[in-house]
Amino acid sequence: MSMFALGGLIAGLAFAAIDYFMLLPLLARPFQAHIETLEGEERWMAERRMRLLRLVFALQFIVFPVIGYILGNMIGTAAP
């Protein structure tokens, strides 16, 4: 593993952490307030969407480091 690939992996992990710990709460807070006003089927669907949103943000911990690793590896092989 080259240093470029490792750097890309760490950068991807950092971007995923920033998204998950800073952006997700900004999106989730108003959505949670909206969910509390709903009842029945609408509430269930909104909670399901919220779980899906959390899952997408959690999957970024896999996707972003992989993309960073690939890009870093490409840069590392292109560098003299």
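**Reading a predicted two-helix model**

Biologist: How many salt bridges does the count come to?

Modeller: The count comes to one salt bridge, the term being used for a side-chain nitrogen of Lys or Arg within 4 Å of a carboxyl oxygen of Asp or Glu. This is a predicted model, in which local features need pLDDT of at least 70 and side-chain atom pairs count only at pLDDT 80 or more, while totals for chains, interfaces and linings use all residues. Residues are numbered from 1 along each chain as its sequence is written, and side-chain values use heavy atoms, with hydrogens and water left out.

Biologist: Which residue forms a salt bridge with Arg 43, and how far apart are the closest N and O atoms?

Modeller: The partner of Arg 43 is Glu 47, and the closest N and O atoms of the pair are 3.2 Å apart. Both residues belong to helix α2, which covers residues 40-78, and since they are four residues apart there, about one helical turn separates them. Helices, in this description, are DSSP runs of H or I with at least four residues, and strands are runs of E with at least two, numbered from the N terminus.

Biologist: Are Glu 47 and Arg 43 buried or exposed?

Modeller: The general idea is a scale of relative accessible area, on which buried means under 20%, exposed means over 50%, and partly exposed lies in between (1.4 Å probe, protein chains only). Glu 47 has a relative accessible area of 29% and is partly exposed, and Arg 43, at 31%, also counts as partly exposed.

Biologist: What span should I expect for helix α1, and what does the model give?

Modeller: The expected span of a helix is 1.5 Å times one less than its number of residues. Helix α1, residues 3-37, has 35 residues, and from its first C-alpha to its last it reaches 50 Å, which is close to the expected 51 Å. For the 39 residues of α2 the expected span is 57 Å, and this agrees with its end C-alpha atoms, which are 57 Å apart.

Biologist: Where does each helix bend?

Modeller: A bend at a residue is the angle between two fitted axes, one for the seven residues ending there and one for the seven starting there. In α1 a kink of about 35 degrees lies at Leu 24, shortly before the proline Pro 25. In α2 a bend of about 35 degrees is found at Gln 60.

Biologist: Which residues does Gln 60 touch, beyond those up to four places away in sequence?

Modeller: Contact here means heavy atoms within 4.5 Å, and Gln 60 touches Ala 16, Asp 19 and Pro 65 once residues up to four places away are set aside. Gln 60 has a relative accessible area of 14% and is therefore buried.

Biologist: What do the buried residues of α1 pack against?

Modeller: They pack against α2, and the buried residues of α1 are Ala 5, Gly 8, Gly 12, Ala 16, Asp 19, Leu 24, Ala 28 and Ile 35. Looking from the other helix, the buried residues of α2 are Ala 46, Met 50, Phe 57, Gln 60, Pro 65, Gly 68 and Gly 72, and what covers these includes α1. A partly exposed residue can be followed as well: Leu 27 of α1 has a relative accessible area of 42%, and, leaving aside neighbours within four places in sequence, Leu 27 is in contact with Leu 53 and Phe 57.

Biologist: Which residues make the nonpolar surface patch?

Modeller: Patches join residues with over 30% relative accessible area and no salt bridge, like charges within 9 Å and nonpolar side chains (Val, Leu, Ile, Met, Phe, Trp, Tyr) within 5 Å; the areas come from the Shrake-Rupley method with a 1.4 Å probe, and for residues only the protein chains shown count as cover. The patch here, of about 980 Å², is made by Leu 52, Leu 55, Val 56, Leu 59, Ile 62, Val 63, Val 66, Ile 67, Ile 70, Leu 71 and Met 74. Leu 71 lies in helix α2 and is partly exposed at 45% relative accessibility, while Val 66, also placed in helix α2, is partly exposed with a relative accessible area of 44%.

Biologist: How far apart in space are Val 66 and Leu 13?

Modeller: Although they are 53 residues apart in sequence, Val 66 and Leu 13 are 8.9 Å apart, C-alpha to C-alpha. For Ala 14 and Met 45, which are 31 residues apart along the chain, the C-alpha separation is 31 Å.
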